[in-house]
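Subject: Structure for you to look at, with notes

Dear colleague,

I am handing over the structure below, and after it you will find my notes on what came out of it. Please read them with the coordinates open beside you.

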Amino acid sequence: MAIVNTPNKSLTVNPLKQSQALGASLAFLGLKGAMPLFHGSQGCTAFAKVVLVRHFREAIPLATTAMTEVTTILGGEENVEQAILTLVEKAKPEIIGLCTTGLTETRGDDIEGFLKEIRKRHPELDYLAIAFAPTPDFKGALQDGFAAAVESIVREIPKTGGIKPEQITILAGSAFTPGDVQEVKEIVTAFGLEPIFVPDLGASLDGHLEDEYSAVTVSGTTLKQLRSLGSSAFTLALGESMRGAAKILQERFGTDYEVFKDLTGLEPVDEFLQALAVLSGNPVPEKYRRQRRQLQDAMLDTHFYFGAKRISLALEPDLLWSMVHFLQSMGAQIHAVVTTTRSHLLEHLPIKSVTIGDLEDLEGLAVGSDLLIGNSNVNAIAKRLKIPFYRLGIPIYDRLGNGLFTKVGYRGTMEVLFGMGNLFLEHEETLMINHWSSVINRE
């Protein structure tokens, strides 16, 4: 059981967390024909767009209600209405993902009331799906906003229908990259199941070229698929933050669910494949039996470099849970942990303590570590402390291929093993070279 510490600082010195609105927009980007709409000032939307563009290096559709000082005081209903009508006219989305920001949440705009009134005045919008996620950026973090968006999607869009035994719903949390979603999709379909991912970032943000420009997302979970979620025979929630959405589907349609907190490491992947074998009635394909043997060999090859290494992490709770368990399974020691937001997972981490704080907290706690893990903003700390650095999370703006990076399944676990192992190997070689250089210079 971990002790959760929250520093009593008056301000954030070096931010670690990203806003809820950013997380919600990321979730909505996993839907086909979608346009995330920020109800707030233009600056809020511009900042989120820059973060996502730098991370994925793709065109990111985001819209704003463009609140000003005057409209903030008088109320934002007219701005929401005008934004929706403009988007329908120019971008023609099938789904609008409406997110609030700190500005409008502080004022207390009744967005659900706004939407009811707008639909009354504009019956021509009946076809348009609008998912509303309250995402104040003065509390919570990216993971919370992502979860809120997924919960709004499964609460507002699906309809009842007859059960399809092969169809399952997979709720993929914010810790899963587009490459992770693609890997899970490949695994699930290999068992003869028909998965519907909510959201499907593996289709929308995997970095592919389209034949023509589109103002909205061109791939992802379709509106037809979303409306058929009530027909799924089972729900797999990937990440503890997806439990709330899985419960909503259970309450609405009676769909049983199971939560997999992580899919990185030998044991978690074994459990996932076993669950798929039970669901489908089919044995684990030989392809994955061979990948499992490859992972076992990779663990043997790399465990010399992980054993007793002191590692410090700065990650969102779901991703943190996955990495802590994976690293400990390889014999590493968790030296320091900083995270962004509260989660009941934190108390159950098999470490002494975890700090909900910023990167200033990480820099103070990480002294003496052998490896740092976090987003690109941790790089400056790693350089000051002269510690190897492994990039994980959002944003990563100083490396390419973030959309296709994979850390789940047997193959993804091997990718992480070799990535971190090579850092340890390189650092040890550097230390050895420096040591012998100093010896030669003394002689």
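Over how many bridges do strand 4 and strand 5 pair, and in which sense? Strand 4 (residues 95–100) and strand 5 pair in the parallel sense, and 5 bridges hold that pairing. Please keep in mind throughout that this is a predicted model.

Two of the residue pairs in that pairing can be named: I95 stands opposite A129 of strand 5, while L98 has F132 of strand 5 as its bridge partner. The two strands belong to an open sheet of 4 strands, which has the order 3-2-4-5 and parallel pairing. Strand 3 (63–64) and strand 5 stand at the edges of this sheet with a single partner strand each, so one side of each is left without a neighbour in the sheet. As for burial, strand 5 (residues 129–133) is mostly covered, with 5 of its 5 residues buried. Both of its faces are covered, since A129, A131 and A133 on one side are buried, as are I130 and F132 on the other. Helix 1 (residues 20–28) lies across strand 2 (34–39), strand 4 and strand 5, and runs at about 170° to strand 4.

There is another open sheet of 4 strands, with the order 7-6-8-9 and parallel pairing. Here strand 7 (194–198) and strand 9 are the ones that stand at the edges, and because each has a single partner strand, one side of each is left without a neighbour in the sheet. Neighbouring strands of this sheet are turned against each other by 25° on average, with direction ignored. Strand 6 (residues 164–172) pairs with strand 7 in the parallel sense over 5 bridges, and within that pairing I170 has F197 of strand 7 as its bridge partner. Helix 8 (residues 178–190) packs on the sheet, where it touches strand 6, strand 7 and strand 8, and its direction makes about 160° with that of strand 7. Helix 12 (residues 266–280) also packs on the sheet, touching strand 8 and strand 9, with its direction at about 175° to that of strand 8.

At the other end of the strand order, strand 8 and strand 9 (residues 257–260) run parallel and are joined by 4 bridges, and the bridge partner of L236 in strand 9 is E258. Between these two strands the chain passes through helix 11 (residues 243–253), and this β-α-β crossover is right-handed.

The loop between helix 10 (223–227) and strand 8 (232–238) may also interest you, as L229 lies in it. Is L229 buried or exposed? Its relative accessibility is 1%, and because the cut-off for buried is under 20%, L229 counts as buried. Leaving aside residues up to four places away in sequence, L229 touches V154, P158, Q167, T169, I196, V198 and L249. One of these contacts, V198, is 31 residues from L229 in sequence, and the two are 9.6 Å apart in space from C-alpha to C-alpha. S228 is found in the same loop, between helix 10 and strand 8, and S228 is buried as well, with a relative accessible area of 16%. With the same sequence neighbours left out, S228 touches Q167 and I196.

For the chain as a whole, the secondary structure comes to 17 helices and 14 strands. The C-alpha trace spans about 85 × 55 × 45 Å along its principal axes. A compact globule of 443 residues would have a radius of gyration near 22 Å, and the 23 Å of this chain agrees with that. Buried residues account for 56% of the 443 residues. Of the contacts between residues at least 6 apart in sequence, 72% join residues at least 24 apart.

One item comes from a record: an unreviewed UniProt entry lists residues 19–423 as "domain: Nitrogenase/oxidoreductase component". In the model that span is 46% helix and 17% strand, and its end C-alpha atoms lie 30 Å apart.

With best regards

Terms used:
Residues are numbered from 1 along each chain as its sequence is written. This is a predicted model: local features need pLDDT of at least 70, side-chain atom pairs count only at pLDDT 80 or more; totals for chains, interfaces and linings use all residues. Side-chain values use heavy atoms; hydrogens and water are left out. Buried means under 20% relative accessible area, exposed over 50%, partly exposed in between (1.4 Å probe, protein chains only). Contact means heavy atoms within 4.5 Å. Two strands pair if DSSP finds at least two bridges between them. A crossover is right-handed if, with the strands pointing away from the viewer, the path from the first strand over the helix to the second runs clockwise. UniProt positions are given in the numbering used here, feature names are shortened, and annotations may be inferred rather than shown by experiment. Axes are lines fitted to C-alpha atoms, for helices over the stretch in contact, and angles run from 0 to 180 degrees between N-to-C directions. The radius of gyration is taken over C-alpha atoms; the globule rule is 2.2 Å times the number of residues to the power 0.38.
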